[in-house]
Amino acid sequence: MIPLYWYLLLAALLFCIGLFGVITRKNAVGILISIELMLNAANINLLAFWRYLYSETGDLRGQVFVIIIFVVAAAEAAVGLAMIISAYRQKQTVVANEIDSMKG
Amino acid sequence: MTGMQLIFLIAAAVVVSSAFMSVTSRRMIHAALWFVLALLGVAVIYALLEVSFFAVVQVLVYVGAIAILIIFATMLTRRALEDHGKQFNRATLMTLVIVSVIFAGLVFSLRSWPQIQSMTAPLSADQLDVGVLGLALTAPDGFALPFEVTSILLLAALIGSIYVAYERKEKKK
């Protein structure tokens, strides 16, 4: 059988890769991809904990939380990409540093 | 080492390496395709956890919808940063340090939790039935309220993204 901490280590590694991408990536679409990677890492953690600790008790909260994260990820991707396309149309750029019209 | 562990290690290696490639690759379309590979690897991880419903949903929602959306956005926003300029901002080295510290902290906190080393999955095939989840999602004493709230969130996001991305003809000069 696969030990639980293998899943947790994989999720931690995936989360750290995503975090690195979110902070350092210049392209806004790349930032969005990295955010999706971080959400996937959280999903792996939730499902692994649910499977190993709660699947016998009939407690379904872990699975419901994963469904909600799926929906939030889809909504976030749709709104984020719409904003990127809208900004690209006005400024002809997707570089996050150059979209600064709200800067004080 | 059993077969399951071998499959897990292969899938984990695919996930981590393709995630790394999708974060670091120069062309955005390559990053999006590596991202698809990482998502498929995560679906394999879900299948190993015996939550096959989520493996299918992962392929449908992430690979089928979100990745396609990202590929479309990449194609609509071409000629940005593709061959010229740096892909990363000035904080790369600092971020590498921060991320390594966070990862080391996570590994340390896992190490200091002794009962996690011996934990194995229980075998309960009847609890993994997807019908139980469906009933719980719609039952009034279950998760009906969060379910409806997420559907309202999805509707709001749909309307909002159409409004934001809509090209207004009269305002264009």
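The bend at a residue is the angle between two axes, one fitted to the seven residues ending there and one to the seven starting there. This is a predicted model, in which local features need pLDDT of at least 70 and side-chain atom pairs count only at pLDDT 80 or more, while totals for chains, interfaces and linings use all residues. Residues are numbered from 1 along each chain as its sequence is written, and chains are lettered from A and ligands numbered from 1 in the order in which they are written.

**Exercise 1. Determine the secondary structure of chain B and the geometry of its helix H3.**

Solution.

Step 1. Helices (H or I, at least four residues) and strands (E, at least two) are DSSP runs, numbered from the N terminus. By this rule chain B has six helices and zero strands, and its elements run α-α-α-α-α-α from the N terminus on.

Step 2. H3(B) contains 25 residues and spans 34 Å from its first C-alpha to its last. The expected span is 1.5 Å times one less than the number of residues. For H3(B) the expected value is 36 Å, and the span is close to it.

Step 3. At Tyr62(B), H3(B) bends by about 25°.

**Exercise 2. Classify selected residues as buried, partly exposed or exposed.**

Solution.

Step 1. A residue is buried if 20 or more other C-beta atoms lie within 10 Å of its own, exposed if 12 or fewer, and partly exposed in between, with C-beta atoms placed from the backbone. In chain B, 22% of the 173 residues are buried.

Step 2. The buried residues of H3(B) include Phe54(B), Gln58(B), Tyr62(B), Ile66(B) and Thr74(B). The buried residues of this helix pack against helix H2 (28–54) and helix H3 (61–91) of chain A, together with H2 of chain B.

Step 3. Glu50(B) is located in the loop between H2 and H3 of chain B. Glu50(B) counts as partly exposed because it has 16 C-beta neighbours inside 10 Å. Although Glu50(B) is not a glycine, its phi is positive, about 65°.

Step 4. Lys169(B) belongs to the segment after H6 of chain B. Because 6 other C-beta atoms lie within 10 Å, Lys169(B) is exposed. Its C-alpha atom is separated by 52 Å from that of Phe8(B), 161 residues away along the chain.

Step 5. Leu19(A) is part of helix H1 (residues 4–24) of chain A. With 21 other C-beta atoms within 10 Å, Leu19(A) is buried.

**Exercise 3. Identify the contacts of Leu19(A).**

Solution.

Step 1. Two residues are in contact if their C-beta atoms, placed from the backbone, lie within 7 Å.

Step 2. Leaving aside neighbours within four places in sequence, Leu19(A) is in contact with Met38(A), Val99(B) and Ile102(B).

Step 3. For Leu19(A) and Tyr54(A), which are 35 residues apart in sequence, the C-alpha to C-alpha distance is 29 Å.

**Exercise 4. Describe the contact between the two chains.**

Solution.

Step 1. The contact takes 74 residues from chain B and 63 residues from chain A. On the side of chain B that touches chain A, the elements giving two or more residues are helices H1 (3–24), H2 (28–48), H3 (52–76), H4 (92–111), H5 (130–138) and H6 (144–165) of chain B.

Step 2. Ala, Val, Leu, Ile, Met, Phe, Trp, Tyr, Cys and Pro count as nonpolar, Asp, Glu, Lys and Arg as charged, and the others, Gly among them, as polar. That side of chain B has 57 nonpolar, 15 polar and two charged residues.

**Exercise 5. Decide how the helix pairs across the two chains are oriented.**

Solution.

Step 1. Axes are lines fitted to C-alpha atoms, for helices over the stretch in contact, and angles run from 0 to 180 degrees between N-to-C directions. Angles under 35 degrees count as roughly parallel, over 145 as roughly antiparallel, 65 to 115 as roughly perpendicular and the rest as oblique.

Step 2. H3(A) and H3(B) pack at about 5°, with axes 10 Å apart. These two helices, H3(A) and H3(B), are therefore roughly parallel to each other. Among the residues making the contact are Phe70(A) and Leu81(A) of H3(A), and Phe54(B) and Leu69(B) of H3(B). The residues of this contact divide into 18 nonpolar, no polar and no charged.

Step 3. The axes of H3(A) and H6(B) cross at roughly 10° and come within 8 Å. H3(A) and H6(B) are therefore roughly parallel as well. Their contact has 16 nonpolar, four polar and no charged residues.

Step 4. H2(A) and H2(B) pack at an angle of about 5°, with their axes 11 Å apart. Therefore H2(A) and H2(B) are roughly parallel to each other.
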